[in-house]
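Grab a pencil and have a look at the model below. A few exercises follow it, each with a worked solution.

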Amino acid sequence: MNENERKVVVRRMLLLIAVACTIMGLYTFRLIFLQLVNGDDFKAKATNTTDYKFTVTAARGDIVDSTGKHIATTSTGYNVVLNKLQMGDQDLDTMLQQIVELLRKNDEKWLDTLLISEPDAAGNYTFTDSADSASDQKTLADMKETLGLQQYATANDVMEMLVEKNQLESFSLPWQRVLAGIHYEMDRQAFSNVNNFVMAENVSQATVATIKEHSLTLPGVEIVETSTRSYEQGDILPAVLGRVGKITAEKWKVTDENGQVTYPLKEKGYNMNDVIGISGLESVYEDELRGKDGVETITRNSDGVIVDTKITTVPEPGHTVQLTINSDFQRAVDKALANNIDMINRVYNTGDMKAAAGAAVVLNVKDGSVLAASNYPSFDQNLYATNYSEYSADPSLPLFNRALQGLYTPGSTFKPCTAVAALESGVITPSTTILDRGIYDYYSSPQPRCWIYSSYGSTHGRVNVSEAITVSCNYFFYEVGRLTGIKTLDDYATQFGLGQYTGIEIGGPKGALASPEYAEANDLEWSDGQTLTAAIGQSYNLFTPLQLANYIATLVGNGEHYAAHLLKNVKTYNNSAVVYAYDKDPVNVVEMQDSTVEAIKTGMHDLTTGSLSTYFSKCVVSAGAKTGTAETGVTDANNGTFVCFAPYDDPQIAVAVVIEKGGAGAALAETAVDILNAYFSREEIGTAIIGE
């Protein structure tokens with residue numbers, strides 16, 4: 001290479017070096033500029049994230065019996081849940097189709113509360129049959145209003161609007177209905193970046209596996225472990241426990257008479273798709289059973305990438321609610337009631353007048369706690385949803401809580417109350433005798449007859465109050481009822497809690513006390529003769545079995561009238577501490593002389609050792625009892641009523657039994673003896689009395 005060529009190469013190299021240095025300088029200058037001038041902005045962008053918070057539902061607290069045995073508990077289930085945040089830019093409807101197909105393969109159902117049928121062959125829709133209820137009519141009205149439709153809009157009109165709103169025109173009619181139903185449910189649950197959508201509940205393990213197998217093609221579709229309510233002893237107290245269910249539209253959105261809309265449950269921290277107690281103890285103790293929900297926080301950066309997922313607030317399970325009822329004893333009472341109704345039908349009743357229903361209540365005399373509340377017929381709590389149509393159509397009303405809410409004429413079981421009123425007001429003394437003349441002719445009309453005169457043409461002769469209770473002499477109580485007067489009779493009945501609210505947690509009717517005021521308020525007739533029939537437990541008197549048991553408990557419990565209650569205590573979910581223990585004083589005390597109580601108890605005891613000795617000779621403890629035959633106005637269809645207490649010397653429990661069309665109250669004695677033996681026998685003492 002000659003000198004000129006070498007110079008050319010050197011110049012070119014220098015030029016390249018100069019260009020390279022210039023470029024490097026520009027890059028360096030640019031980096032310095034970006035770092036010094038815009039460095040904070042870029043740093044913020046790189047670290048910019050958004051937190052999304054999701055509710056983690058707390059496990060519902062358990063309901064246990066007096067010994068701690070589970071009655072209602074929480075079990076693990078699995079839901080199919082859609083997380084919008086994690087779905088990315090996936091086509092939602094295509095994904096929904098895929099999920100539906102997977103669910104169908106495993107015979108699973110997805111949530112669909114849209115009250116519109118599948119399209120018929122002509123492509124027309126109709127509102128479902130269930131839309132006839134008042135609740136569903138309101139739901140339809142709200143939906144039409146939301147869609148901007150008139151209230152007379154048809155199912156076709158509603159579907160057309162849903163299809164247009166959710167851009168489902170490209171799908172076949174069957175798929176339009178499926179997807180419209182899912183979108184409707186999404187709207188109800190307020191599906192969004194911060195609110196997941198529960199698409200299917202309590203799915204099988206097979207479905208869990210299937211969904212997880214398709215996780216790559218179904219981003220944002222999750223299997224979420226959840227808690228479901230189960231009843232380990234489904235036949236124990238189903239009408240008392242009540243049920244849980246999804247929050248309804250009516251409870252979620254409340255409109256007052258002024259048109260003001262409020263969301264009371266939302267204000268208490270509930271979500272639209274939450275489960276809540278809707279009846280019975282599940283509803284009454286909702287606040288204790290609910291627990292405190294936790295929070296899951298998902299963090300996403302500015303590019304939409306999820307960078308962190310963690311539980312930021314751990315959910316706290318609900319409290320344990322312990323009842324006063326022993327489930328083993330409750331089951332024994334259920335059995336005794338069912339067996340007795342069967343016996344009455346086999347031995348006493350014929351034709352169409354069959355005893356088909358009844359109730360029994362057992363109370364603790366010392367504090368008013370309910371030890372058993374039995375209904376016949378009853379139902380299985382675990383089968384409620386699947387068998388509801390059968391239960392609701394049954395004429396014997398298995399869903400009706402007769403023990404706490406059924407109203408019955410008490411018949412002669414009311415006579416001890418009349419005796420207290422007469423003795424305490426000084427109308428009679430324990431030794432006063434009255435001659436039974438068969439026909440009570442004080443008034444020209446009515447002239448009622450003693451039952452023994454109507455049946456056998458004879459009388460009870462001269463009897464005192466104890467003997468009158470033993471033989472249930474109507475004539476005696478006609479006379480003392482007239483002399484005492486309806487005002488005093490009602491005053492003492494009220495003190496015993498008859499015709500009054502019992503205080504029981506799940507509520508119940510007040511019942512009725514026969515009086516001129518009651519008759520006037522209800523457009524009924526009242527005459528002096530009504531006092532006579534009221535004194536023997538007829539007229540307009542209507543009480544629940546619970547009221548009857550509480551009245552007897554008050555009578556033999558030193559006059560201490562307690563509110564009836566089912567709650568023993570509330571404990572933390574792990575039973576480590578007692579949150580609340582039931583301990584209330586009597587509502588009132590009925591002032592009675594010892595001689596009054598002794599005279600009445602003697603009459604009730606003599607009944608068990610006299611005409612009812614066939615039954616009570618099998619009883620493991622001494623007892624006092626009173627029978628009743630309550631007229632229903634239908635020939636040969638009288639209800640049987642029965643009350644008793646035991647032991648006689650130191651009363652611990654009071655029992656009331658009512659059997660519809662049970663006839664004479666004496667026929668119920670066998671039920672009472674079976675109940676007393678279940679409570680007091682050596683085999684049951686360990687669980688029924690001592691409890692924990």
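Here are some exercises on peptide bonds, backbone angles and helix contacts. This is a predicted model, so local features need pLDDT of at least 70 and side-chain atom pairs count only at pLDDT 80 or more, while totals for chains, interfaces and linings use all residues. Residues are numbered from 1 along each chain as its sequence is written, and side-chain values use heavy atoms, with hydrogens and water left out.

**Exercise 1.** Find which residues the cis peptide bond with omega of about 0 degrees joins, then place its proline.

Step 1: the bond joins Ser 445 and Pro 446.
Step 2: Pro 446 sits in the loop between β15 (434-436) and α18 (451-456). Helices (H or I, at least four residues) and strands (E, at least two) are DSSP runs, numbered from the N terminus.
Step 3: for another case, go to Ala 646 and Pro 647, where the peptide bond is cis with omega near -15 degrees. Pro 647 belongs to the loop between β22 (639-646) and β23 (653-660).

**Exercise 2.** Take Leu 237 and work out where it lies and whether it counts as buried or exposed.

Step 1: look at the backbone. Leu 237 has phi near 55 degrees, a positive value in a residue other than glycine.
Step 2: locate Leu 237 in the loop between β5 (221-231) and α9 (238-241).
Step 3: check accessibility. Leu 237 is at 3%, so it counts as buried (buried is under 20% relative accessible area, exposed over 50%, partly exposed in between, with a 1.4 Å probe and protein chains only).
Step 4: try Ser 472, whose phi is also positive, near 55 degrees. Ser 472 is in the loop between α19 (465-471) and α20 (474-484), and its 9% relative accessibility makes it buried.

**Exercise 3.** Describe how α17 (residues 415-424) and α25 (residues 594-609) cross, and list which residues meet.

Step 1: the two axes come within 10 Å and cross at roughly 150 degrees. Axes here are lines fitted to C-alpha atoms, for helices over the stretch in contact, with angles from 0 to 180 degrees between N-to-C directions.
Step 2: that angle is why α17 is roughly antiparallel to α25 (under 35 degrees is roughly parallel, over 145 roughly antiparallel, 65 to 115 roughly perpendicular and the rest oblique).
Step 3: Pro 416, Ala 419, Val 420, Leu 423 and Glu 424 in α17 meet Thr 596, Ile 600 and Met 604 in α25; contact means heavy atoms within 4.5 Å.
Step 4: sort that contact by class, and you get six nonpolar, one polar and one charged residues. Ala, Val, Leu, Ile, Met, Phe, Trp, Tyr, Cys and Pro count as nonpolar, Asp, Glu, Lys and Arg as charged, and the others, Gly among them, as polar.
Step 5: see what is tucked away in α25. Its buried residues include Thr 596, Ile 600 and Met 604, and what covers the buried residues of α25 includes α17, α19 and α24 (545-556).

**Exercise 4.** Do the same for α20 and α23 (residues 528-535): at what angle do their axes cross?

Step 1: the axes come within 8 Å and cross at roughly 125 degrees.
Step 2: α20 is therefore oblique to α23.
Step 3: Phe 477, Tyr 478, Gly 481 and Arg 482 in α20 meet Thr 531, Leu 532 and Ala 535 in α23.
Step 4: by class, this contact of α20 with α23 has four nonpolar, two polar and one charged residues.
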